[in-house]
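Open the model in your viewer with the cartoon and the side chains available. The stops below are given in the order in which to select them.

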Amino acid sequence: EGERRQRERDEWNALNRQRLERERQEREEALLREREAAIPTAEMTSIKVEVSQRIEFGQGRTDIPPIFMEQLSGVIQIMKDNPEMKLQIEGHADRSEVETAELQRMSGSFGNSIDLSVRRADAVQNHMVQNGISASRVRTTGYSDEFAAPNAPSEGAASSAAASNRKVTFSVIQEIKIKGTIGFGAMSDTLTVESQALMSEVFSVLQSMPHLVVRVEGHSCSAPMWGMSNTQLSEMRAASVVRKLEDMGVTKGRLDAKGWGETRPMASNATQPGKKLNRRVEFHVQSRESERSMRAMISDETARQRLARDSSAVAGLRG
């Protein structure tokens, strides 16, 4: 009797896996049809979600303290509740860690506070991915002590002010969302003629929001390349998009290129529709860099008048 029930459970599980796989393939095919049939457009996203949780770390540590696991679970739930949302995971260090890293560097031993802040962000990202969040929806960066609280003493663990700087924070990634495909020649970084209309749409968004600093991301599927890696090709394609937009008139320094290769798939690489969806370009607004750009522009009268017409930009300026 027990063996019969186990066989029934196994059969049910196998049927359920087949159903889920069929539904996934149908979603990917529908997404691909929508992308290929879309009229080329680009617009800014406006995701009205705030992720206020913060994860604090021990002096020189990158392991997530158990006391903060509940907060991290809250972040994961927010991501699951908002499936279109992407998240920037920001790692930070305190000034005593920076001083220690500098002393280690001068003595010839390993030490880098930026590495420490990146590793903190990576630890949080890895936990989120292990708990069901797609890697395509998260990004990490390390700021060392760039945004440390002012006047925080340098006693490290003995100072609550310094301890509050050893952290990971989160910000929702706003994007220039495109409908359509930015295409390239086969195994090439040369933009296709058909991509021009969509590039013009992206350019218009960038010109209407002159404070934006944007990372242009190139992504590939997992199919092997001849003569180069998928990461190299995606980097070349992202750089090609940056050059084109700068040639069209976007100020140099507002855009940077990043190639992810096949490491951030949004669909399965087991099917042709999935592979086509994974070959893509994304435009991610860099929130902290955009805020710095905005503050700099406020000191310029002409730029200030342009910003005054962008209420969403002014409303988003922190502190």
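Select strand 3 (residues 87-91) together with strand 5: the two pair in the antiparallel sense over 5 bridges. This is a predicted model. For a landmark in this pairing, pick L87, which stands opposite V172 in strand 5.

Now keep strand 3 and add strand 4, with which strand 3 pairs in the parallel sense over 5 bridges. Here G91 is the residue to show, opposite G142 in strand 4.

Next, go to strand 2 (residues 55-56), which pairs with strand 5 in the antiparallel sense over 2 bridges. E56 has K167 as its bridge partner in strand 5.

With these strands displayed, the whole sheet can be read off: it is open, has 4 strands in the order 2-5-3-4, and its pairing is mixed. Strand 2 and strand 4 (138-142) are the edge strands, each pairing on one side only.

Return to strand 5 (residues 167-172) and show its side chains. In a regular strand the side chains alternate between the two faces of the sheet. Which residues of strand 5 are buried on each side? K167, T169 and S171 are buried on one side, and V168, F170 and V172 on the other, so that both faces are covered. In total, 6 of the 6 residues of strand 5 are buried.

Leave the sheet and select helix 7 (residues 230-248). Its 19 residues reach 27 Å from the first C-alpha to the last, close to the 27 Å expected at 1.5 Å a residue. Colour its buried residues: N230, L233, S234, R237, A238, S240, V241, V242, L245 and E246. An α-helix has 3.6 residues a turn, so residues three or four places apart point the same way. To see what the buried residues of helix 7 pack against, add helix 6 (196-208), strand 7 (214-219), strand 8 (255-261) and strand 9 (280-285). Just after helix 7, stop at G249, which takes a positive phi of about 130°.

The last stop is the largest pocket, which holds about 1200 Å³ of space. Select L31, E84, K177, M266 and L277, the closest to its centre of the 36 residues that line it. Helix 1 (2-37), strand 1 (41-44), strand 6 (176-179) and strand 9 each supply at least two lining residues. Helix 1 gives the largest share, 6 residues. Coloured by residue class, the lining of the largest pocket divides into 14 nonpolar, 7 polar and 15 charged residues.

Key
Residues numbered from 1 in each chain as written. Predicted model: local features only at pLDDT ≥ 70, side-chain atom pairs only at ≥ 80, totals over all residues. Heavy atoms only, no water. Expected span 1.5 Å × (residues − 1). Buried < 20%, exposed > 50% of the residue type's maximum accessible area, 1.4 Å probe, protein only. Contact = heavy atoms within 4.5 Å. Pairing = 2+ DSSP bridges. 1 Å grid on protein atoms, 1.4 Å probe; cavity = no way out; pocket = protein on both sides within 12 Å on 5 of 7 lines; lining within 4 Å. Points joined across faces, edges and corners; volume = space filled by probe spheres on them. Nonpolar A, V, L, I, M, F, W, Y, C, P; charged D, E, K, R; others polar.
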